[in-house]
Amino acid sequence: MPSPARLQQAVPRAEALVITPLSLHIGAQIDGIDLSRPLPSAQREAIRAALLRWKVLFFHDQHLDHAQQVALGRQFGELTVGHPVFGHVEGHPEIYSVGRDRFKTRFTDERLVRPWSGWHTDVSAAVNPPAAAILRGVDIPPYGGDTQWTDLVAAYNGLSPTLQAFVDGLRGEHRFIPPEGAEARPGFSEPLAARPLVSEHPLVRVHPETGEKALFVSPSFLKRIVGLSPRESEQLLELLFEQAIRPEYSVRFKWRPGSLAFWDNRVTAHQPPTDIHATDLARQLYRITLVGDIPVGPDGRPSRAIAGEPVLAHPAA
């Protein structure tokens, strides 16, 4: 694994960043930068390179407001609307509120909990899921509320060559439905009826910049494998979900007020915390997402939309 010193050498001294890897496969902390201001080109390119290498980047002591978060995101690509189904923060169309109680308006409390419950790639029900996301912590509990990310490239590489060859040609259907065992409330069913999203994606995605193969499984949204019987699909999905969330492929992040996480949504899945729901502790974060491309499998076949339109850039105000 490259040392922080070697990674830093790629950045000119006047623009130096400190990049500290946090696990073997995924996650790095970046220090020595102010994200509230426009980034020099050397710093911006160093962050891009670190994102491709480490999949998710973490920053502390970055107390941005909504406008500064939007300005930061636009330095790395076009921004989507906050969420194509569930809306955005009033007055800030690019921002999606990630509050601790947002699911209470969408689902009943009862649900079936499995080891992979809650893990997901953002908006994978769209034909072009976001390329990346930036999540900003504002109200952070003094303990609990951690988020985990997993490296889907490492998960694919950890499969046997025989299984890799099999899943390389498979495709899966992604859609928004309530968690297993839960029922939808109007806060979920009504927006989804107005703006349905269902897509068929390759089970293995080729990263458009690095050429790496990633196991493109989003446990919360991937519901069946096309062309397999229901039982075959269920069994193979469980095996792949277990593979995707293995601890050795993941990193866990402890938030502070002013922390940011910036991740490559094309090759990661993440799990929001559930421990905070047993407390009265406040937790409020805000997310922006970058417009993504249409995934392509190893066989060259792109994803296809079953329902809904591609997620496009939100026009600048």
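**Exercise 1. Name the residues that Asp168 touches, not counting residues up to four places away in sequence, and then describe its surroundings.**

Solution. Asp168 touches Tyr156, Val204, Lys213 and Pro298 once residues up to four places away in sequence are set aside, where contact means heavy atoms within 4.5 Å. This is a predicted model, in which local features need pLDDT of at least 70 and side-chain atom pairs count only at pLDDT 80 or more, while totals for chains, interfaces and linings use all residues. Residues are numbered from 1 along each chain as its sequence is written, and side-chain values use heavy atoms, with hydrogens and water left out.

The next step is to place the residue: Asp168 lies in the loop between α5 (161-167) and β7 (171-175), where helices (H or I, at least four residues) and strands (E, at least two) are DSSP runs numbered from the N terminus. Asp168 is buried, because its relative accessible area is 15%; buried means under 20% relative accessible area, exposed over 50%, and partly exposed in between (1.4 Å probe, protein chains only).

Finally, look at the side chain. Asp168 makes side-chain polar contacts with Tyr156 at 2.8 Å and with Lys213 at 3.1 Å. A polar contact is a pair of N or O atoms within 3.5 Å; within protein, one must be able to donate a hydrogen and the other to accept it, and residues adjacent in sequence count only if both atoms are side-chain atoms. Asp168 and Lys213 are 45 residues apart in sequence, and their C-alpha atoms are 9.1 Å apart in space.

**Exercise 2. Decide whether Ser97 is buried, partly exposed or exposed, and find the side chain that its own side chain joins in a polar contact.**

Solution. Begin with the position, which is in strand β4 (residues 96-99). Ser97 counts as partly exposed because its relative accessible area is 29%. Not counting residues up to four places away in sequence, Ser97 touches Val89, Arg102, Gln284, Leu285 and Tyr286, and its side chain is joined to that of Gln284 by a polar contact of 2.9 Å. A further distance concerns Arg287, which is 190 residues from Ser97 in sequence but 6.5 Å from it in space, C-alpha to C-alpha.

**Exercise 3. Work out which residues of α3 are buried and how they are arranged around the helix.**

Solution. The buried residues in α3 are His66, Gln69, Val70, Leu72 and Gly73. Seen down the axis of α3, these buried residues fall within an arc of 160°, so they line one face of the helix; the arc is that of the directions from the helix axis to the C-beta atoms. They pack against β5 (132-139), β13 (260-264) and β15 (284-290). At the N-terminal end of α3, Asp65 acts as a cap, with a side-chain oxygen 3.2 Å from the backbone nitrogen of Ala67.

**Exercise 4. Repeat the analysis for helix α6 (residues 186-194), and list the exposed residues on the face turned away from its buried side.**

Solution. In α6 the buried residues are Phe188, Pro191 and Leu192. Seen down the axis of α6, they fall within an arc of 100°, so they line one face of the helix. The face turned away from this buried side carries the exposed residues Pro186, Glu190, Ala193 and Ala194.

**Exercise 5. Find two residues that have a positive phi although they are not glycine, and compare their burial.**

Solution. Lys55, in the loop between α2 and β3 (56-59), has a positive phi of about 75°. Asp61, in the loop between β3 and α3 (66-74), has a positive phi of about 60°. Lys55 counts as buried because its relative accessibility is 4%, whereas Asp61 counts as exposed because its relative accessibility is 55%.

**Exercise 6. Describe the surroundings of Thr268, beginning with its burial.**

Solution. Thr268 is found in strand β14 (residues 268-271), and it is buried, with a relative accessible area of 0%. A polar atom of its side chain lies 2.7 Å from the backbone oxygen of Asp264. Leaving aside neighbours within four places in sequence, the residues in contact with Thr268 are Ile26, Lys55, Thr121, Trp149, Thr150, Leu152 and Trp263.
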